[in-house]
Amino acid sequence: MVKKCCFIILLAVFLIGCGHTQSFKVGLMSFGELEGKAIPESIDGNILEGKDCATPGRHSYYLSDAVRDALKQTDYDTLVDAEVTSTTGLSVLSNCISVKGNALNSKTLTTSGGR
């Protein structure tokens with residue numbers, strides 16, 4: 001009985017994991033053309049979320065893929081004032097990075113000279 005209980009506890013720790021979560025702010029992430037363009041102080045775009053996680057066949061996960069996931073199937077190409085959260089654990093499946101931020105389309109921005 002004690003062995004079974006210890007096994008269940010170890011299995012739970014492995015699956016749930018002694019993980020770590022860290023969040024931080026990133027001001028700007030973009031796949032658009034921003035050279036010479038002015039970013040507005042207030043963003044009226046939608047708030048988008050994306051995520052990338054490790055899988056059993058792929059042990060790495062990337063912020064760029066999380067941003068692509070957030071922007072997919074939209075007209076947006078940029079996230080502003082984003083919150084990035086990284087989660088790690090004992091299990092490969094618990095290793096993820098997620099992003100949530102205000103979306104905008106760089107094509108609609110004016111140049112810093114007002115043009």
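## A nonpolar core, a four-stranded sheet and three salt bridges

The largest nonpolar core consists of twelve residues, namely Met 29, Leu 48, Ala 66, Val 67, Ala 70, Leu 71, Leu 79, Ala 82, Val 84, Ile 97, Val 99 and Ala 103. Helix α2 and the strands β3 and β4 each contribute at least two residues to this core, and the largest share, four residues, is supplied by α2. The model described here is a predicted one.

One member of this core, Ala 103, can be followed through its contacts. When residues up to four places away in sequence are not counted, Ala 103 touches Ile 43, Gly 45, Asn 46, Leu 48, Tyr 76, Thr 78 and Leu 79. Among these partners, Leu 48 and Leu 79 belong to the largest nonpolar core as well.

**The sheet and the helix across it**

The strands form an open sheet of four, in the order β1-β3-β4-β2, and their pairing is antiparallel. At the edges stand β1, which covers residues 20-30, and β2, which covers residues 47-53, and each of these two pairs on one side only. On average, neighbouring strands of the sheet are turned by 20° against each other, if direction is ignored.

The pairing of β1 with β3, whose residues are 78-88, is antiparallel and is made by ten bridges. Within this part of the sheet, Lys 25 stands opposite Glu 83, a residue of β3.

Helix α2, made up of residues 63-71, lies across β1, β2, β3 and β4, the last of which spans residues 96-104, and the helix runs at about 135° to β2.

**Salt bridges**

Side chains of opposite charge can pair when their charged atoms come close. In this model the count of salt bridges comes to three, and the table gives the separation of the nitrogen and oxygen atoms for each pair.

| Residues joined | N to O distance |
|---|---|
| Asp 52 and Arg 58 | 2.6 Å |
| Arg 68 and Asp 65 | 3.2 Å |
| Asp 69 and Lys 72 | 2.9 Å |

In the salt bridge between Asp 52 and Arg 58, the two partners fall into separate classes of accessibility. Asp 52 has a relative accessible area of 9% and therefore counts as buried, since buried means under 20%. Arg 58, with a relative accessibility of 30%, counts as partly exposed.

The side chains of Arg 68 and Asp 65 meet in a salt bridge, and both residues lie in helix α2. Because Arg 68 and Asp 65 are three residues apart in that helix, about one helical turn separates them. Arg 68 is partly exposed at 44% relative accessibility, and Asp 65 is likewise partly exposed, at 27%.

Asp 69, which forms a salt bridge with Lys 72, has a relative accessible area of 25% and is partly exposed.

**Tyr 62, in the loop before the helix**

Tyr 62 is placed in the loop between β2 and α2, where its relative accessible area of 43% makes it partly exposed. If neighbours within four places in sequence are left aside, Tyr 62 is in contact with Asp 52 and Ile 97. The former of these contacts is the buried aspartate that meets Arg 58 in a salt bridge, whereas the latter, Ile 97, is a member of the largest nonpolar core. Tyr 62 and Ser 98 are 36 residues apart along the chain, and their C-alpha atoms are separated by 9.2 Å.

Key:
Residues are numbered from 1 along each chain as its sequence is written. This is a predicted model: local features need pLDDT of at least 70, side-chain atom pairs count only at pLDDT 80 or more; totals for chains, interfaces and linings use all residues. Side-chain values use heavy atoms; hydrogens and water are left out. Two strands pair if DSSP finds at least two bridges between them. Axes are lines fitted to C-alpha atoms, for helices over the stretch in contact, and angles run from 0 to 180 degrees between N-to-C directions. Contact means heavy atoms within 4.5 Å. A salt bridge is a side-chain nitrogen of Lys or Arg within 4 Å of a carboxyl oxygen of Asp or Glu. Buried means under 20% relative accessible area, exposed over 50%, partly exposed in between (1.4 Å probe, protein chains only). A nonpolar core is a set of buried Ala, Val, Leu, Ile, Met, Phe, Trp, Tyr and Cys residues joined through side-chain atoms within 4.5 Å.
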